[in-house]
Amino acid sequence: MKKYTDTGKKDTRSGFGAGLEELGKTNENVVALCADLIGSLKMDAFIANNPERFFQIGIAEANMMGIAAGMTIGGKIPFTGTFANFSTGRVYDQIRQSIAYSDKNVKICASHAGLTLGEDGATHQILEDIGLMKMLPGMVVINTCDYNQTKAATIAIADYEGPVYLRFGRPKVANFTAVDQNFVIGKAVHLQEGTDITIVATGHMVWEALLAAESLEEQGISAEVINIHTIKPLDSDAIIKSVQKTGCIVTAEEHNYLGGLGESVSRVLAQHQPTPQEFIATNDTFGESGTPEQLMEKYGLNAAAILKAAQKVLKRK
């Protein structure tokens, strides 16, 4: 079994900042726009090195999306930056009409997603953004798990022609994926092989899935862990092949179970390989104010919850 080590906690938004800084050096067409949250999105280094390629739009997120769409006509590759709540819910009409329907090459980069935004509370903790974005035709949806993967994804999406929603978070979390990883849009990453149960996770829940797999191993249960960083297009083949071997699956995400990764996986299973499934996600609810740790515990988004779900689904095989 392959073991993964936390090399030191880092925030995924800093991975975005590092990736954007690298793109500033390697791709002259990349430009950045921000809605008055430069520090939160870690865009400082890109701005320092490329001041003429940065545009501060202010607290006018809808305008930012329209401007970004227009900039693509001249061959630019705009990266927009603000919180996930303001990147989706506040500007959905502009994204739908000006970016998705028009198939514009805009990279919508959304920080502070999910419950781990923490103390700012329910008004800022968007838990439906994956569903909103994956339902838009042609929109790629990516949800990265750590600093290294977020940096790699940020760099990779610049080479992809078409609209992308890149989702990442606020807190410092385990950094465990390879520094030199090859990020491939739409390709799941097998973190460990197993024969008894499949655990499919995305974002901050990937590390929790690995911790749960360790606990299962201590009980003599072999868990296969798959990191689904791209929710759309989904790597259906990886999911089907895994459950054909294990016979049951747990999906884990920091998102509402309605419209998220779990539902996408369910569709694949219903069409190709009906399989017992348990969901780790928020249960059709808003969040509340608290530390990330408190909220993940209360809403059942941690290794202990995955372990409990695994034990439940194993009985359904």
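The expected span of a helix is 1.5 Å times one less than its number of residues. The views below show a predicted model, in which local features need pLDDT of at least 70, side-chain atom pairs count only at pLDDT 80 or more, and totals for chains, interfaces and linings use all residues. Residues are numbered from 1 along each chain as its sequence is written, and side-chain values use heavy atoms, without hydrogens and water.

**View A. Helix H1 is mostly covered.** H1 takes in residues 12–26 (helices are DSSP runs of H or I, at least four residues; strands are runs of E, at least two; both are numbered from the N terminus). Its 15 residues should span 21 Å, and the end C-alpha atoms are 21 Å apart, which agrees. Of these 15 residues, 11 are buried (under 20% relative accessible area; exposed is over 50%, partly exposed in between; 1.4 Å probe, protein chains only). Among them are Phe16, Leu20 and Leu23.

**View B. Seven strands form an open, mixed sheet.** The strand order is S3-S2-S4-S5-S7-S6-S12. S3 (54–56) and S12 (230–232) stand at the edges with a single partner strand each, so one side of each has no neighbour in the sheet. From one strand to the next, the twist averages 20°. Strands S4 (77–83) and S5 (107–111) pair in the parallel sense over 5 bridges (pairing takes at least two DSSP bridges). Phenylalanine 83 has serine 111 of S5 as its bridge partner. Helix H4 (61–72) packs on the sheet and touches S2, S3, S4 and S5 (contact: heavy atoms within 4.5 Å). The direction of H4 makes about 165° with that of S4 (lines fitted to C-alpha atoms, for helices over the stretch in contact; N-to-C angles run from 0 to 180 degrees).

**View C. Glutamate 278 is buried in strand S14.** S14 covers residues 277–282. Glutamate 278 has 13% relative accessibility. Its side chain joins that of arginine 316 in a polar contact of 2.8 Å (N or O atoms within 3.5 Å, one able to donate a hydrogen and the other to accept it). Residues touching glutamate 278 also include Ile249, Thr251 and Lys312.

**View D. Lysine 42 and aspartate 284 have positive phi.** Lysine 42 has phi near 55° and lies in the loop between H2 (38–41) and H3 (44–49). At 31% relative accessibility, lysine 42 is partly exposed. Aspartate 284 has phi of about 50° and sits in the loop between S14 and H12 (292–298). At 51%, aspartate 284 counts as exposed.

**View E. A cis peptide bond runs from lysine 232 to proline 233.** Omega is near 0°. Proline 233 lies in the loop between S12 and H10 (236–246).

Terms used: Lists of a residue's contacts leave out its neighbours within four places in sequence.
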